[in-house]
Amino acid sequence: MWNEEQLAIIESKANRKQVIAAAGSGKTSTMIGLLEEQERRRTILPQRTLIVTFTNKATDEFRDRTITKHLSNEYRISTFHAFCFQSLRRLHPHFKERGILILTDVEKDKLSRDILNKHKFKIGGIPFSILFSRNGKLFKKEFPEVYESYQNELLEYKQKEQKFEFDDLITTVLSELESGESWTKELTNEFDSVIVDEFQDTDWFQLRILKKMNIENMTIVGDDWQAIYGFRGATPEPFLSFPEHFPDTKVFQLCKNYRSLKGIIDLSVLPILRNKNKITKEVISHRQGEMFYLSLVMEHPKRDRQIIKEKLKTFFDTDPETVLLVRSNFRRREWIESGISPDKVLTIHASKGLEFGTVITDISSGWNLTGESDENDMEEERRILYVALSRAKDKLILLGKEKSESKKGLEDELFRYFPKADTRTKGALRLPFLWGNGKTFGGLAQLVRALP
């Protein structure tokens, strides 16, 4: 049932575990196995086990898995934000009495427009989506005084209305823990074990909460290659440096991929190979067979959509598990306008955690970084591309655009990582130099150097 990597994690008696889990490696199943073993040993009670997920959807999936496996229904399973909300609501003397009000997105959007309207001649007509992208990076850099004024007014409003944003819940719990407030003693004594999933998408505040809670048994699971939530303030650094903060940590890797054929895996890692800030993994495919790969070139990403749509029709007709993945919601709307069914076009962020028989990845548009980008931004864009490619099980189609000598964008940079199929012949490019029984990284360095 379990492979050697999974069994080593499940049976380990180490108090602190870091699980570096490649895409498609069965990390959730392994965590369920860890709970099964925990119940079998009867060393840690389910009601004293906290399980932290990244999204509400992941929370529901984890809970469904425990039900399917007939495990205890007493595990505390929630997102980090929900955990902080519940802890304040149950234990904090002020919020036990008065409750907690959340600032809604609609309310914040109206408030932000009202505040920034006072500074419209300074910031001009920059769209909100750009101004606040990447955790307000452009806003802070280009308009520091306006940004400070905006933050002050936002804070004053929240204090007056006694409302919280979701991130305020985390910083409030952390502040109370670090100042040693009396109610936090009950919080730190509630749990004997914690499992944190998707730890690559956490931030420093969440790491500091874990350090202050100092739970005896701690398992964090993640894949730094799939850290794609920088726009929310998340960073892979807490995951990368976790053993430095918890020196007794035992590190495990889950590198056997049960999702994708080997050729898909080999292509998927090409963007990641260019990142310096990463944990090296040698991903091995469990499945046998030949994958299908095709690259299609668009002279103009917008004008040529109908032509490309006709070329893609065969894939949508023959494989119900075909999906088109795009970088932005704007690009998604463009493809839907061209006639592709809305349920067949997803943003890459929305596809995380999913898998499909055939994945069409649009690299032709929507990838330009806003403002001045640094290497960290570029590395995240490569990770986003990796997430898209690694959703594919059997077939991978890339859409790119012809290089423009007058204007080269991030799309050109990303598309050139991959071999180009000659669609004038059979339309599919076989990659014998990527196949074989070796591990994923074997021989790829030479390929990377050979690419233009």
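**Local features of the predicted model**

When neighbours within four places in sequence are left aside, A23 is in contact with D223, Q226, N257, R259, Y386, S390 and R391. The model described here is predicted. A23 is located in the loop that runs between strand 1 (16-21) and helix 2 (27-41). Its relative accessible area is 3%, under the 20% cut-off, and A23 is therefore buried.

A23 also belongs to an annotated set. In an unreviewed UniProt entry, the annotation "binding site" covers A21, A22, A23, G24, S25, G26, K27 and T28. From this set, A23 is part of the lining of the second largest cavity. T28, also covered by the annotation, lies in helix 2. T28 has a relative accessibility of 14% and counts as buried. Its contacts, again without neighbours within four places in sequence, are E61, F62 and R65.

The unreviewed UniProt entry also places the feature "domain: UvrD-like helicase ATP-binding" at residues 1-261. In the model, this span is 53% helix and 14% strand. The C-alpha atoms at the ends of residues 1-261 lie 20 Å apart.

S78 is placed in strand 3 (residues 76-79). With a relative accessibility of 5%, S78 counts as buried. Residues up to four places away in sequence not being counted, S78 touches I51, V52, T53, T59, F83 and Q86. A separation along the chain can also be set beside a separation in space: S78 and N135 are 57 residues apart along the chain, and their C-alpha atoms are separated by 24 Å.

The packing of two helices was examined next. The axes of helix 4 (residues 80-91) and helix 11 (residues 166-178) come within 9 Å and cross at roughly 60°. An angle under 35 degrees would count as roughly parallel, and one from 65 to 115 as roughly perpendicular; helix 4 and helix 11 are therefore oblique to each other. Their crossing is left-handed. On the side of helix 4, the contact is made by H81, C84, F85 and L88. On the side of helix 11, the contributing residues are F166, D167, L169, I170, T172 and V173.

Backbone angles were also considered. Most residues other than glycine have a negative phi. Two residues with a positive value are described here. Phi of Q162 is near 55°, a positive value in a residue that is not glycine. Q162 is found in the loop between helix 10 (144-161) and strand 5 (163-164). At 44% relative accessibility, Q162 lies between the cut-offs of 20% and 50%, so Q162 counts as partly exposed. For E198, phi is near 50°, again a positive value in a residue other than glycine. E198 lies in the loop between strand 6 (193-196) and helix 13 (204-213). With a relative accessible area of 16%, E198 is buried, whereas Q162 is partly exposed.

A further loop residue is D304, located between strand 11 (292-298) and helix 17 (305-318). D304 has a relative accessibility of 10% and counts as buried. Not counting residues up to four places away in sequence, D304 touches M298 and E299.

Key:
Residues are numbered from 1 along each chain as its sequence is written. This is a predicted model: local features need pLDDT of at least 70, side-chain atom pairs count only at pLDDT 80 or more; totals for chains, interfaces and linings use all residues. Side-chain values use heavy atoms; hydrogens and water are left out. UniProt positions are given in the numbering used here, feature names are shortened, and annotations may be inferred rather than shown by experiment. On a 1 Å grid over the protein atoms alone, a cavity is a set of points where a 1.4 Å probe fits but cannot get out, and a pocket is an open set with protein on both sides within 12 Å along at least five of seven lines; lining residues have an atom within 4 Å of a point. Helices (H or I, at least four residues) and strands (E, at least two) are DSSP runs, numbered from the N terminus. Buried means under 20% relative accessible area, exposed over 50%, partly exposed in between (1.4 Å probe, protein chains only). Contact means heavy atoms within 4.5 Å. Axes are lines fitted to C-alpha atoms, for helices over the stretch in contact, and angles run from 0 to 180 degrees between N-to-C directions. Angles under 35 degrees count as roughly parallel, over 145 as roughly antiparallel, 65 to 115 as roughly perpendicular and the rest as oblique. A crossing is left-handed if the near helix is turned anticlockwise from the far one by less than a right angle, and right-handed if clockwise.
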